[in-house]
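Let's take a walk through this one together, a stretch at a time. Keep the sequence and the 3D view side by side as you read.

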Amino acid sequence: MSNSNNKMNSYNIPLWYKANLSIEEAAAYSGIGMKKLYEMTERQDCPFVLWIGTRRMIKRKVFEEYINRQYSI
């Protein structure tokens, strides 16, 4: 195994410690489907999406607060 693979493995951080999550991670973390998360983050007023170029990340704490306030999604 190369050194770069070892470095990547040493950065395995539990999802609940990450500040930002990928769509895939947010789906696993929340139980909300990826399709629904993509739909939710397309809105201009989405408070928990962080765009890095064309890549969307989910601000975990803001996402948790948002979900806690919702009755349905």
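Start with helix α2, whose buried residues are I23, E25, A26 and A27. Those buried residues pack against β1, α3, β3 (55–59) and α4. Keep in mind that you are looking at a predicted model. Just past the end of α2, G31 adopts a positive phi of about 85 degrees.

One name on that buried list is a glutamate, so let's stay with it: E25 counts as buried because its relative accessible area falls under 20%. E25 sits in helix α2, which covers residues 23–30. What does the side chain of E25 reach at 2.9 Å? It gets to the backbone nitrogen of S22. The side chain of E25 also meets that of K18 in a salt bridge, 2.5 Å from N to O. K18 itself is partly exposed, at 21% relative accessibility. If you skip the neighbours within four places in sequence, E25 is in contact with L15, K18 and N20.

Now step back for the overall layout. The protein chain has four helices and three strands, and reading along the sequence gives you the pattern α-β-α-α-β-β-α. Of its 73 residues, 26% are buried. Among contacts with a separation of 6 or more, 42% are between residues 24 or more positions apart. On the outside, the chain exposes about 5500 Å², and carbon and sulfur atoms supply 52% of that.

Follow the chain out of α2 and you come to G33, in the loop between α2 and α3. G33 is partly exposed, at 39% relative accessibility. In sequence, G33 and I23 are ten residues apart, while their C-alpha atoms are 9.1 Å apart in space.

Next comes helix α3, where you'll find T41. Is T41 buried or exposed? Buried, with a relative accessible area of 0%. A polar atom of the T41 side chain lies 2.9 Å from the backbone oxygen of L37, and the T41 side chain also makes a polar contact with the side chain of R56, at 2.8 Å. Leaving out neighbours within four places in sequence, T41 is in contact with I23, C46, F48, V49, W51, R56 and I58. I23 is one of the buried residues of α2 that you met at the start.

R56 has another partner too: its side chain forms a salt bridge with that of E42, 2.7 Å from N to O. This pair links distant parts of the chain, with E42 in helix α3 and R56 in strand β3, 14 residues apart. R56 is buried, with a relative accessible area of 14%, whereas E42 is partly exposed at 49%. The structure holds five salt bridges, and another of them joins the side chains of D45 and R43, at 3.3 Å from N to O. Here D45 is exposed, with a relative accessible area of 58%, and R43 is partly exposed at 36%.

Finally, the aromatics. How many aromatic pairs are there? The count comes to three. W16 and Y17 make a tilted pair, 6.3 Å centre to centre with 45 degrees between the planes. Both sit out in the open: W16 is exposed, with a relative accessible area of 54%, and Y17 is exposed at 61%. The rings of F48 and Y66 have their centres 5.0 Å apart and their planes at 50 degrees, so this pair is tilted as well. The F48–Y66 pair links distant parts of the chain: F48 is in the loop between α3 (34–42) and β2 (49–52), and Y66 is in helix α4 (residues 60–69), 18 residues away. F48 and Y66 are both buried, and together with F63 they form one aromatic cluster.

To finish on the surface, go back to Y17, which lies in the loop between α1 (3–10) and β1 (20–21). Along with I13 and W16, Y17 makes a nonpolar surface patch of about 400 Å².

Definitions and conventions. Residues numbered from 1 in each chain as written. Predicted model: local features only at pLDDT ≥ 70, side-chain atom pairs only at ≥ 80, totals over all residues. Heavy atoms only, no water. Helix = DSSP H or I, 4+ residues; strand = E, 2+ residues; numbered from the N terminus. Polar contact = N/O pair within 3.5 Å; in protein donor to acceptor, adjacent residues only side chain to side chain. Contact = heavy atoms within 4.5 Å. Phe/Tyr/Trp six-rings, centres within 6.5 Å; stacked < 30°, edge-to-face > 60°. Buried < 20%, exposed > 50% of the residue type's maximum accessible area, 1.4 Å probe, protein only. Patch = residues over 30% accessible without salt bridge, like charges linked within 9 Å, V, L, I, M, F, W, Y side chains within 5 Å. Areas by Shrake-Rupley, 256 points an atom, 1.4 Å probe, with all protein chains shown as cover. Salt bridge = Lys/Arg side-chain N within 4 Å of Asp/Glu carboxyl O.
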